[in-house]
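Subject: Handing over a structure

Dear colleague,

I am passing on the structure below, together with some notes on what I found when I went through it. Please read the notes with the coordinates open beside them.

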Amino acid sequence: MQNQICLSFQCNLQEFSCHDGTCLNSSVRCNGINECFDGSDEIDCRVLKISQDSYLGANPPVTDDRRTIINVSTEIFYIGSFDPKAMTFVVGFKFEMFWFDSRIKFANLKNGTSGAQMLESEKQLIWIPKIFFSNSLQSID
Ligand SMILES: [Ca+2]
């Protein structure tokens, strides 16, 4: 497949150039709606850019000293019942993990929930830390 790129010097930095040279606001690029006459604003809207030949999703990203750094944040927003006999308590919390994977590149990202989103099939390709709480009443994924 051959892609043709039409450069338009009429578009400003906040605009996207359709293949026919029409300038549209960049917010319409990869929003799921064909605004360009030729639909070029919805071409190649994938979010995840990895080399499927060299990226191994089973392997974590490592730093130069062969470590994988994962920053963890926990926010407890609810403390419920406490049963001292059973030695259990109920708590609601938000658990977030942050890490950097230099093997992954993203494109076509938008602020908020509009626009291109990473597909579930794309999420399956990347390495994500597996976390489990062995002493919880319910499994948490
Ligand atoms: Ca569009």
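Which residue in S5 does serine 73 stand opposite? The residue is glutamate 96, and a second facing pair of this kind is formed by glutamate 75 and lysine 94 in S5. Before going further into this region, please keep in mind that the model is a predicted one.

As for confidence, the protein chain has an average pLDDT of 85, and 88% of its residues reach a score of at least 70. When the elements are compared by mean pLDDT, S4 comes out highest with 94, whereas helix H1, covering residues 120–123, comes out lowest with 85. Where pLDDT is low, the predicted coordinates should not be read in detail.

The overall layout can be stated briefly: the protein chain contains six strands and one helix, and their order along the sequence follows the pattern β-β-β-β-β-β-α. Of the 141 residues in the protein chain, 4% are buried. If one takes the contacts between residues at least 6 apart in sequence, 41% of them join residues that are at least 24 apart.

To return to the two strands I began with, S4 spans residues 70–83 and S5 spans residues 88–99, and the two run antiparallel, joined by eleven bridges. Together S4 and S5 make a hairpin that leaves four residues between them, and in that turn methionine 87 has a positive phi of about 55°. Strand S4 lies largely in the open because the number of buried residues among its 14 is zero; S5 is likewise hardly covered, with a count of zero buried residues among its twelve. In a regular strand the side chains alternate between the two faces of the sheet.

One further residue may deserve your attention, namely glutamate 15, which is found in strand S1, residues 15–17. Is glutamate 15 buried or partly exposed? Glutamate 15 counts as partly exposed because 17 C-beta neighbours lie inside 10 Å, while a buried residue would need 20 or more. Leaving aside residues up to four places away in sequence, glutamate 15 touches Cys23, Leu24, Asn25 and Ser26. Valine 28 is 13 residues from glutamate 15 in sequence, and the C-alpha to C-alpha separation of these two residues is 9.1 Å.

With best wishes

How values were computed
Residues are numbered from 1 along each chain as its sequence is written. This is a predicted model: local features need pLDDT of at least 70, side-chain atom pairs count only at pLDDT 80 or more; totals for chains, interfaces and linings use all residues. Two residues are in contact if their C-beta atoms, placed from the backbone, lie within 7 Å. Two strands pair if DSSP finds at least two bridges between them. pLDDT is the predictor's confidence in each residue, from 0 to 100.
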